[in-house]
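Visitor: I would like to go through this structure with you, one topic at a time. Could we start with a single side chain and work outwards?

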Amino acid sequence: MEIWVNPACSKCRSAVSLLDEAGAHYTVRKYLEDPPNERELAEVLDRLGLEPWDITRTGEETAKRLEIGTWERTPAERPRWIQALVANPELIQRPIITADDGTAVVGRTPDAVASMLR
């Protein structure tokens with residue numbers, strides 16, 4: 001398993017604690033320091049079954065500056081969204097947990113994290 005975290009995020013710290021309590025084996029990726037590239041992000045989105053706008057933190061100052069709220073949410077615009085998230089990883093919702101079996105989840109709740117431990 002791999003978990004993308006921002007150490008300053010309470011949801012990330014909670015998810016890491018839950019994984020530790022369960023004895024899970026995982027690696028931590030501080031995605032603000034080591035952002036995903038476009039291919040990696042597209043693969044994670046496919047595993048999540050989500051689109052980039054589904055994991056975008058639209059309330060962030062960067063999102064407001066980019067006027068992301070006005071962008072179309074269409075297949076044709078998907079690359080633009082992915083490029084924006086890669087260039088501005090602070091816009092990526094967190095934590096994201098990926099498992100070796102191909103599953104993935106945005107681990108914002110204890111239940112979401114627990115779903116990766118089954």
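**A threonine and its surroundings**

Guide: In this predicted model, a polar atom of the threonine 56 side chain lies 2.6 Å from the backbone oxygen of proline 52.

Visitor: Where is the place of threonine 56?

Guide: Threonine 56 sits in the loop between H2 and helix H3 (61–66).

Visitor: Buried or exposed, then, threonine 56?

Guide: Threonine 56 counts as buried, because its relative accessibility is 8%, below the 20% limit used here.

Visitor: And what does threonine 56 touch?

Guide: Leaving out residues up to four places away in sequence, threonine 56 touches Ile68, Trp81, Leu85 and Leu91.

Visitor: Let us turn to the nonpolar core. Which members of the largest one touch the most other members?

Guide: The largest nonpolar core has 21 residues, and those touching the most other members are Leu41, Leu48, Ile55, Ile92 and Ile96. Two or more residues come from each of helix H2 (38–48), helix H4 (78–87) and strand S4 (104–106).

Visitor: Which element gives the most to this core?

Guide: That is H2, which gives five residues.

Visitor: What is isoleucine 96 in contact with?

Guide: Beyond its neighbours within four places in sequence, isoleucine 96 is in contact with Glu2, Ile3, Trp4, Val44, Leu48, Ile55, Val105 and Val106. There is also a second, separate core of 14 residues, and Ile3, Val5, Cys9 and Met116 are included in it.

Visitor: Cysteine came up there. How many disulfides does the structure hold?

Guide: The structure holds zero disulfides.

Visitor: Why is there no bond between cysteine 9 and the closest cysteine sulfur?

Guide: The closest cysteine sulfur to that of cysteine 9 is in cysteine 12, 3.5 Å away, which is too far for a bond. A disulfide would need the two sulfur atoms within 2.5 Å. Both residues are nevertheless buried: cysteine 9 has a relative accessible area of 7%, and cysteine 12 has a relative accessibility of 1%.

Visitor: Now the helices. Which residues of H1 are buried?

Guide: In H1, the residues Cys12, Ala15 and Leu19 are buried. Seen down the axis of H1, the buried residues fall within an arc of 65°, so they line one face of the helix.

Visitor: What do the buried residues of H1 pack against?

Guide: They pack against strand S1 (2–5) and helix H5 (110–115).

Visitor: How many Å apart are the end C-alpha atoms of H1?

Guide: The end C-alpha atoms of H1 (residues 10–21) are 16 Å apart, which agrees with the 16 Å that its twelve residues should span at 1.5 Å a residue. Just after H1, glycine 23 takes a positive phi of about 70°.

Visitor: Same exercise for H2, please: which residues are buried?

Guide: The buried residues in H2 are Leu41, Ala42, Val44, Leu45 and Leu48. These residues cover an arc of only 165° around the axis, which puts them on the same side of H2. What covers them includes S1, H4, strand S3 (96–98) and S4.

Visitor: And what is found at the start of H2?

Guide: There, a side-chain oxygen of asparagine 37 reaches to within 3.1 Å of the backbone nitrogen of arginine 39. Just after H2, glycine 49 has a positive phi of about 70°.

Visitor: What of the backbone elsewhere? Which residue has a positive phi although it is not a glycine?

Guide: Glutamate 67 has a positive phi of about 60°, and it is found in the loop between H3 and H4. Most residues other than glycine have a negative phi, and most peptide bonds are trans.

Visitor: Which residues does a cis peptide bond join?

Guide: Arginine 94 and proline 95 are joined by a cis peptide bond, with omega about -10°. Proline 95 lies in the loop between H4 and S3.

Visitor: One last residue: where is threonine 103, and what does it touch?

Guide: Threonine 103 is in the loop between S3 and S4, and it counts as partly exposed at 35% relative accessibility. Not counting residues up to four places away in sequence, threonine 103 touches Arg47, Ile97, Thr98 and Met116. From C-alpha to C-alpha, threonine 103 and isoleucine 55 are 16 Å apart in space, and they are 48 residues apart in sequence.

Definitions and conventions. Residues numbered from 1 in each chain as written. Predicted model: local features only at pLDDT ≥ 70, side-chain atom pairs only at ≥ 80, totals over all residues. Heavy atoms only, no water. Core = buried A, V, L, I, M, F, W, Y, C linked by side-chain atoms within 4.5 Å. Buried < 20%, exposed > 50% of the residue type's maximum accessible area, 1.4 Å probe, protein only. Helix = DSSP H or I, 4+ residues; strand = E, 2+ residues; numbered from the N terminus. Contact = heavy atoms within 4.5 Å. Polar contact = N/O pair within 3.5 Å; in protein donor to acceptor, adjacent residues only side chain to side chain. Expected span 1.5 Å × (residues − 1). Arc of directions from axis to C-beta.
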